[in-house]
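Please look over the model below before reading the notes. They take up one strand with its partners, and then a metal site.

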Amino acid sequence: MITLKSKHEIELMRQAGKITAAARALAGKMVTPGVTTHEIDKAVYEFIKSQGATPSFLHYQGYPASVCVSVNDEVIHGIPGKRVLREGDIVSIDVGACKDGFHGDCAATFACGQISEEARRLIEVTRQSFFEGLKYAREGYRVPDLSRAIQDYVERNGFSVVREYVGHGVGRKMHEAPEIPNYVDHRMERPRFLRGMTIAVEPMVNMGAAAIKVMPDGWTVKTADGAYSAHYENSILITDGEPELLTDPSDLPE
Ligand code: MF3
Ligand code: CO
């Protein structure tokens, strides 16, 4: 069931989104050579708690941390730990926070020091694909219009979109209806966008082929071919006009 949020609920979504976006920015600033992924997780945990919120991911279906930190060929759900980030890595940070019963959810891929030109292009195409999709996140369009815009932009730029994981409604639960795929096929439902819907749009883009594999830890998703992958996500509100970004990305680098 797709829930439409009331004015009051939207205000709570804004508060949750603000904390979540700030957590992403904080994590992104920590992406530097020599830092461990655990240090990022710890800092994010402490920040979210300091805001009177709770990390949405911690213990979600048994997930053991507050952020996902996915490096290079890791697509999503990388578990923070002893790994030391190195110059040239690309590092996807995904974070959720719950405040007063509502979740925010966002992600971005960050450069660790100097990265290759092609890696930089992957990150930028992934980010821009979100904004290409966002043009359709408004009344009068349907979910697959947004999905198609993301897929077309990514593929025109020579990259591929992951199929197995998708964006989603967000609200009292981190994952609500509808699913927001980053590709289209003929079997999909075609829900309309309506004001009051809150959704997380999150393209996962591979430099090589779209295929992925899940690691034996049961969480970490990697590209099947070992090529790099990037991720970009914001929670947004459908309005009677322009969509509103609930997880403001304006404090991110570039
Ligand atoms: N961040 C994911 C999403 O955007 C969910 C993370 S799963 C978790 O939908 F287990 F890591 F929390
Ligand atoms: Co999400």
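The briefing below covers the basis of the model, the strand pairing and the metal site.

This is a predicted model, in which local features need pLDDT of at least 70 and side-chain atom pairs count only at pLDDT 80 or more, while totals for chains, interfaces and linings use all residues. Residues are numbered from 1 along each chain as its sequence is written, chains are lettered from A and ligands numbered from 1 in the order in which they are written, and side-chain values use heavy atoms, with hydrogens and water left out.

**Strand β14**
- Strands here are DSSP runs of E, at least two residues long, numbered from the N terminus, and two of them pair if DSSP finds at least two bridges between them.
- Strand β14 (residues 234-237) runs antiparallel to strand β9 (residues 198-201), to which four bridges join it, and Ser 235 in β14 is the bridge partner of Ala 200.
- Strand β15 (residues 244-245) pairs with β14 in the antiparallel sense over two bridges, with Leu 245 opposite Ile 236, and a hairpin of six residues connects β14 to β15.
- Asn 234 and Ile 236 on one side of β14, and Ser 235 and Leu 237 on the other, are all buried (under 20% relative accessible area, with a 1.4 Å probe and protein chains only).

**Cobalt site**
- Asp 105 (OD), His 168 (NE2), Glu 202 (OE) and Glu 233 (OE) are the protein donors of the cobalt ion (ligand 2), at 2.1 to 2.2 Å from it; donors are N, O and S atoms within 2.8 Å of the metal (3.2 Å for Na, K and Ca), and water is not among the atoms, so sites may look incomplete.
- His 168 in strand β7 (residues 167-169) and Glu 233 in the loop between β13 (229-231) and β14 are 65 residues apart, a pair that links distant parts of the chain.
- His 168 counts as buried because its relative accessibility is 4%, and Glu 233 is buried at 0%.

Terms used
Buried < 20%, exposed > 50% of the residue type's maximum accessible area, 1.4 Å probe, protein only.
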